[in-house]
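Work through the exercises below with the sequence and the structure open. Each task is followed by a solution in steps.

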Amino acid sequence: MPGTYIPLNYLPVLIILIVATLVGLLPLLLGIILRPKRYYPLKLTPYESGNPPVGEPQSKFSVRFYIIAMLFVVFDVEAVFLYPWAVAYDRIGLYGFIEMIIFIFILLIGYIYVWEKKALEWE
Amino acid sequence: MNIGITAIKVVIVISVTMLHVAYVVYFERKVIGHMQARLGPMRVGPHGLLQPIADGIKLFFKEDIIPSGADKPIFYIAPVIGVIAVLASLAVIPLWEGFSIADLNIGVLYILALSSVGAYSVILAGWASNSKYSFLGGLRSSAQVISYEIALGLSLVGIMMLSGSANLSDIVRAQSDYPFVLIQPLAFFVFLVSMIAETNRAPFDLPEAESELVAGYFTEYSGMRFGLFFMAEYAAMFIMSAVATVCFLGGWNGPDFWVFSYVPKIAWFLIKVYALIFFYFWIRATLPRYRYDQLMGLGWKLFIPLALVNIGVTGLVKESSNPIVIKL
Amino acid sequence: MELNKLDLFSIRLIAPEIILISIALILILLDLVIKRKETIAFVGVLGTLTAAYVNYKLCAMGWTGSTLLGMFAFDGYANFFKLIFYINIILTIFISLRYMVLEEASFGEYYSLILFATSGMMFMASAVDLIVLYVGLELMALSTYILVGITRRQVRSNEAALKYFFLGAFSSAFLLYGISLTYGLTGTTNLKEIASALQNLNLLENPILFLGMILVIAAFGFKIALVPFHMWAPDAYEGAPTSITSFMSIGPKAAAFAALGRVLFDAFGPMHVQWSSILIPLSVITMAAGNIIAIAQTNIKRMLAYSSIAHAGYALLGIIAGTHGGLSSMMNYMAIYAFMNIGAFAVVIMLRSKGFRGEELTDYEGLAKSHPAASALMLIFMFSLTGIPPTAGFIAKFYIFMEAINAGYTPLVIIAVIFSAISAFFYLRVVMYMYMKEPKAHVTLSTSPAIFLTIAVTAAVTLILGLFPSLLVELAKMSIAGF
């Protein structure tokens with residue numbers, strides 16, 4: 001029954017997530033008691049080489065980062081497709097190999113395109 | 001499955017890892033020191049052995065400063081996310097035959113997924129700090145991490161093709177005769193470089209290039225929060241070395257003759273991991289930092305094609321051993 | 001081995017799609033080395049002709065059946081729509097050549113994207129599995145979003161692409177929700193198996209399944225611009241480069257109609273009562289809104305956008321009828337609409353020249369004095385869109401109304417005829433402007449042999465099919481025979 005399935009394999013993952021969260025939070029909570037709290041406005045200004053901060057920090061940034069993010073999505077999805085294929089490689093044989101070659105070939109055309117359009121260059 | 005035993009295992013593995021992290025820092029300072037003809041830490045305890053403990057205690061007593069204008073909730077949780085992502089990766093690492101906290105059949109995917117989650121802590125910290133250095137550092141770092149993640153992921157595909165499994169224990173078992181590094185040298189090279197870039201270590205430590213970005217995404221962090229980032233970085237080195245050991249160097253397998261057969265399995269595993277961690281420090285002491293455009297170019301134009309070529313060659317070699325049958 | 005079912009033999013049935021996608025990929029690479037865009041366009045046309053020829057050969061050998069593990073059908077129904085798509089590609093490329101240079105957006109990717117979008121449509125027309133249908137729809141939609149925004153220096157083009165993208169993304173989500181509800185209840189995504197599951201599992205009255213069906217209809221409603229899912233259409237049509245407006249008023253619409261027809265007839269066939277009760281009001285408000293709002297438009301592309309909404313309303317009657325005759329009359333309608341609409345847009349494109357947009361209705365004032373030939377052709381297309389007898393538009397409407405009456409939807413047809421009469425107002429207003437007003441400014445036509453050819457072909461077909469309708473009607477009936 002799909003409704004009653006409990007992925008027991010993953011129970012340790014849940015436990016380690018809980019413990020890891022505690023490891024992350026406990027030192028911070030402990031620190032609340034121990035650490036000094038002497039704040040004044042000048043101490044709280046963001047660091048900018050000792051000068052008063054100028055302008056908005058989260059302003060426009062290079063469009064390259066967006067391109068990298070988009071390319072990442074394309075290539076990472078490709079990698080994700082490759083994993084199950086790789087694991088099942090012994091069983092799917094030549095058909096699997098040819099199909100994956102076609103898949104990678106199509107991606108390769110996109111890769112050449114991106115390269116030629118200078119999307120991989122900085123400046 | 002007994003929840004209690006699992007919980008104890010988890011606590012032991014995590015605390016041992018934390019201790020390792022502390023002493024890996026000491027190890028690094030000593031290694032780098034000697035490579036630069038210095039002695040490294042010497043004051044606290046014999047040969048400075050208590051230095052990591054002193055550093056840890058110090059962090060508890062440091063003031064926790066949140067810059068004005070920071071996005072507080074995100075600023076708070078960013079380092080915690082980093083620590084969780086890294087420590088949770090420990091779950092699937094097989095330390096010796098039959099010992100891994102969670103024996104998942106998608107171990108490789110799990111590791112890669114969590115390393116992607118780790119990228120969030122960096123970008124969130126950079127975004128929330130309300131500081132230009134942090135913001136740029138966070139952007140650079142996340143772009144770098146996601147770029148090298150592709151090469152990292154693709155370099156493991158060959159391993160999965162050879163072992164027919166994404167379970168890390170199965171991958172180690174498949175290497176009982178010889179480690180995969182012998183037949184996947186290209187993939188090992190790609191993995192080795194990508195793992196350094198993935199953990200933002202020198203010579204790819206652009207996000208925290210102190211000469212231009214102060215400290216990158218954690219410029220505004222202080223006290224224990226800074227400590228968490230520090231911990232996450234060193235624990236990530238440990239995880240990445242462990243994955244490299246498991247996938248390429250044969251994990252817990254060791255030579256099985258003469259006195260070597262008396263060496264416990266875990267020792268082989270740890271020796272390999274520490275050799276890789278030493279490699280990290282060695283590289284750091286030897287090579288100058290890359291420029292950012294060189295770094296991204298290297299990832300996109302060299303390592304991704306190399307990894308793809310490796311997959312193609314592996315597939316071809318593996319396929320050529322099978323008789324070709326075309327049913328029409 | 002399980003995968004051997006996917007043997008090389010049945011792969012032949014998707015040869016046209018494979019050819020088209022390969023050509024599109026080659027175009028991407030060619031664009032990097034060849035600077036003359038005409039060459040790229042030529043290769044694109046050549047590839048389309050090859051695909052069409054292979055498709056024809058496959059038909060001529062009498063092959064029908066399914067491939068890709070029964071997810072892709074190669075039958076007359078799909079091939080009829082593929083014919084429309086091939087014509088659509090070639091004529092769109094013909095009218096784009098000169099025009100895209102004028103818009104300063106002459107990219108090689110443009111032609112490649114047209115081929116990608118069309119291969120997506122072909123997969124939609126052939127899909128007998130909801131997953132293949134969805135993948136085809138996304139391939140078509142994503143390519144079309146980029147095409148709409150390809151004149152990237154124009155603000156209105158960007159705006160159009162963004163609006164189209166957002167609403168298109170919503171419609172994809174609707175479709176996926178609908179598919180997942182259907183899959184959850186029937187346990188299959190294969191259309192025929194859904195139909196048998198409906199009977200066997202006694203799901204005909206199931207409200208959740210009904211909801212799933214509504215979501216699927218809504219998703220296709222977005223693509224064919226049915227009111228109330230039409231909001232994107234006027235802006236996208238106006239902002240897109242005119243050649244793309246023409247392309248997307250035919251291709252995606254025909255593909256969505258093809259898929260809708262197959263899904264409703266094959267999968268939800270037993271639920272005809274339910275889905276026709278949804279489609280009837282949609283059709284009525286679509287005809288009403290399309291025709292009435294079109295009257296208020298002063299921009300000819302916007303006017304044609306509302307006109308295309310209205311035409312979707314008429315064509316829906318063929319599906320509502322629920323008979324094979326109705327379906328074949330819908331196919332007829334899409335084919336005829338393709339010719340007359342491309343023709344009309346080709347004339348609109350001719351008016352565009354350097355520094356002159358030529359999209360306002362007033363730009364057509366007195367066109368008959370300066371350019372009698374172009375005006376005469378525009379007259380034919382406008383008559384045909386209205387549905388005035390010697391043209392093909394009349395035939396299209398006549399058959400669809402007849403089939404609807406045969407199926408017992410006489411009141412609906414009366415409403416459609418009334419709105420058809422209303423539509424004469426705004427179509428014939430263009431004719432009135434051309435013939436009965438004095439020219440204000442001098443309009444130069446930007447002509448090229450390709451555009452002449454396009455207009456000549458579309459006008460000829462519009463007239464020939466008006467005089468000898470059986471040519472197309474018989475083809476549509478033949479195509480649907482094995483459906």
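**Exercise 1. A helix of chain C**

Task: Compare the end-to-end distance of helix α11 (residues 242-267) of chain C with the span expected from its number of residues. Then state where α11(C) is kinked and how much of α11(C) is buried.

Solution. The model is a predicted one.
- Step 1. Helix α11(C) has 26 residues, and at 1.5 Å a residue these should span 38 Å.
- Step 2. The end C-alpha atoms of α11(C) are 36 Å apart, which agrees with that expectation.
- Step 3. The helix has a kink of about 30 degrees at Met248(C), shortly before the proline Pro252(C).
- Step 4. Of the 26 residues of α11(C), 25 are buried, so the helix is largely enclosed by the rest of the structure.

**Exercise 2. Helix α17 of chain C and what covers it**

Task: Which residues of α17(C) are buried, and which elements cover them?

Solution.
- Step 1. Helix α17(C) runs over residues 392-406 and has 15 residues. From first C-alpha to last it reaches 21 Å, close to the 21 Å expected at 1.5 Å a residue.
- Step 2. The helix is mostly covered, with 11 of its 15 residues buried.
- Step 3. The buried residues are Ala392(C), Gly393(C), Phe394(C), Ile395(C), Ala396(C), Lys397(C), Tyr399(C), Ile400(C), Phe401(C), Glu403(C) and Ala404(C).
- Step 4. The cover over these residues includes α13 (300-321), α14, α16 (372-386), α18 (410-436), α19 (449-467) and α20 (470-480) of chain C.
- Step 5. After α17(C) comes Gly408(C), which has a positive phi, near 95 degrees.

**Exercise 3. A loop residue**

Task: Is Tyr409(C) buried or exposed? Which residues does it contact, leaving aside its neighbours within four places in sequence?

Solution.
- Step 1. Tyr409(C) sits in the loop between α17 and α18 of chain C.
- Step 2. Tyr409(C) has 22 other C-beta atoms within 10 Å. The cut-off for a buried residue is 20 or more, so Tyr409(C) is buried.
- Step 3. With those neighbours left aside, Tyr409(C) is in contact with Ile320(C), Ala321(C) and Ala404(C).
- Step 4. Ile320(C) is 89 residues from Tyr409(C) along the chain, and their C-alpha atoms are separated by 8.7 Å.

**Exercise 4. Two chains against the globule rule**

Task: Set the radius of gyration of chain C and of chain A against the value for a compact globule.

Solution.
- Step 1. Chain C holds 20 helices and two strands.
- Step 2. For its 483 residues a compact globule would have a radius of gyration near 23 Å; chain C has 21 Å, which agrees.
- Step 3. The C-alpha trace of chain C spans about 70 × 55 × 40 Å along its principal axes, and 57% of its residues count as buried.
- Step 4. Of the contacts in chain C with a separation of 6 or more, 80% join residues 24 or more positions apart.
- Step 5. Chain A has four helices and zero strands. Its radius of gyration is 25 Å, well over the 14 Å that the rule gives for 123 residues, so chain A is more spread out than a compact globule.
- Step 6. The C-alpha trace of chain A spans about 70 × 50 × 25 Å along its principal axes, and 18% of its 123 residues are buried.

**Exercise 5. Nonpolar cores**

Task: Which residues have the most contacts inside the largest nonpolar core?

Solution.
- Step 1. The largest nonpolar core has 182 residues, and those with the most contacts inside it are Met124(C), Ala259(C) and Met334(C).
- Step 2. Helix α14 (residues 324-351) of chain C gives the largest share of this core, 20 residues.
- Step 3. Apart from it lies another core of 124 residues, including Ala78(B), Ala125(B), Met231(B) and Phe281(B).
- Step 4. Not counting residues up to four places away in sequence, Met124(C) touches Leu133(C), Gly136(C), Leu137(C), Met140(C), Ala255(C), Ala258(C) and Ala259(C).

**Exercise 6. The contact of chain B with chain A**

Task: Which element gives the most residues to the side of chain B that touches chain A?

Solution.
- Step 1. The contact takes 71 residues from chain B and 51 residues from chain A.
- Step 2. The elements of chain B that give two or more residues to this side are α1 (3-35), α3 (72-89), α4 (107-128), α5 (132-163), α9 (223-248) and α11 (292-320).
- Step 3. The most come from α5(B), with 14 residues.
- Step 4. By class, this side of chain B has 43 nonpolar, 16 polar and 12 charged residues.

Conventions. Residues numbered from 1 in each chain as written. Chains lettered and ligands numbered in written order. Predicted model: local features only at pLDDT ≥ 70, side-chain atom pairs only at ≥ 80, totals over all residues. Core = buried A, V, L, I, M, F, W, Y, C linked by C-beta atoms within 7 Å. Buried ≥ 20, exposed ≤ 12 C-beta atoms within 10 Å, placed from the backbone. Contact = placed C-beta atoms within 7 Å. Nonpolar A, V, L, I, M, F, W, Y, C, P; charged D, E, K, R; others polar. Expected span 1.5 Å × (residues − 1). Rg over C-alpha atoms; globule rule 2.2 N^0.38 Å. Bend = angle between axes of the 7 residues up to and from the residue.
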